[in-house]
Amino acid sequence: MSKDFLRFMRDRVSRNQLAEPAPSKEEWFDILDAASRAADHGSLKPWRFKVFSGSGREQVGQVYWQHAKSEVPELTDDKAETFIKKAFRAPAILLVYADIVHHPKVPEFEQLMAASAAAQQALLGLDALGYGGIWRTGPAVFTDTAKDLFDLNENQQVVGLIYAGTPTQTPNRVADTGLEERLSFVDL
């Protein structure tokens, strides 16, 4: 395996300062086609993707607003913009979700892990094309209201939102992952 690729993986960091441009439709296709090579027990391909850009981000913003109203019912409609604008922190948002099927050998959690692996692959793909991304979630996206607003079925579950665009700042690289504290070898 190429040391350059390992260095590329090691240098990937989340980017929260993102501006235009975001990937084009063709670039999204390339990124998500590569992401669709994620580990996948049973070859179920449980990952699903939706890209929100332009005014389409309003749909994501409504997820934040509706969640806020459910948590604090006394919020008035004049506060909506505060929550909706969270969806406009980047020029595009990739919704990654799992389409869970009943399978005798592949439990739900493995299907969620496969969709999560695809999300990580998408982050690598964004970096490979010179873009940046940050995986954001929070309690708002894991609600039934969010599923309704994202037009998801009962058997579909949100994995995460990846905000994407062109990085506007030089990232701080992670100097030490602390791997030594998290790795052990057994009978090697």
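Biologist: Happy to look at this with you! How many bridges join strand β4 to β5?

Modeller: Keep in mind that this is a predicted model. Strand β4 covers residues 132–136, and β4 and β5 run antiparallel. One bridge in β4 belongs to glycine 133, whose partner in β5 is alanine 164. The number of bridges joining β4 to β5 is five.

Biologist: Thanks! Which residue in β5 does leucine 95 stand opposite?

Modeller: Strand β3, residues 92–99, pairs with β5 in the antiparallel sense over eight bridges. In β5, the residue opposite leucine 95 is leucine 161.

Biologist: And which residue in β5 stands opposite leucine 18?

Modeller: Strand β1 spans residues 18–19 and pairs with β5 over two bridges, in the antiparallel sense. Opposite leucine 18, in β5, stands proline 167.

Biologist: How many of the 12 residues of β5 are buried?

Modeller: Buried here means under 20% relative accessible area. Strand β5 runs over residues 156–167 and is mostly covered. Its count of buried residues is nine.

Biologist: Let's turn to helix α5. How far apart are its end C-alpha atoms?

Modeller: Helix α5 takes in residues 108–128, which makes 21 residues. At 1.5 Å a residue they should span 30 Å, so the expected span agrees with the distance in the model, 30 Å.

Biologist: Nice! What covers the buried residues of α5?

Modeller: The buried residues of α5 include Gln111, Leu112, Ala118 and Asp127. Their cover includes helices α1 (3–11) and α2 (25–35), along with strands β2 (47–53), β3, β4 and β5.

Biologist: Lastly, which residue just after α5 takes a positive phi?

Modeller: The phi there is about 90 degrees, and the residue is glycine 130.

Conventions: Residues numbered from 1 in each chain as written. Predicted model: local features only at pLDDT ≥ 70, side-chain atom pairs only at ≥ 80, totals over all residues. Heavy atoms only, no water. Buried < 20%, exposed > 50% of the residue type's maximum accessible area, 1.4 Å probe, protein only. Helix = DSSP H or I, 4+ residues; strand = E, 2+ residues; numbered from the N terminus. Pairing = 2+ DSSP bridges. Expected span 1.5 Å × (residues − 1). Contact = heavy atoms within 4.5 Å.
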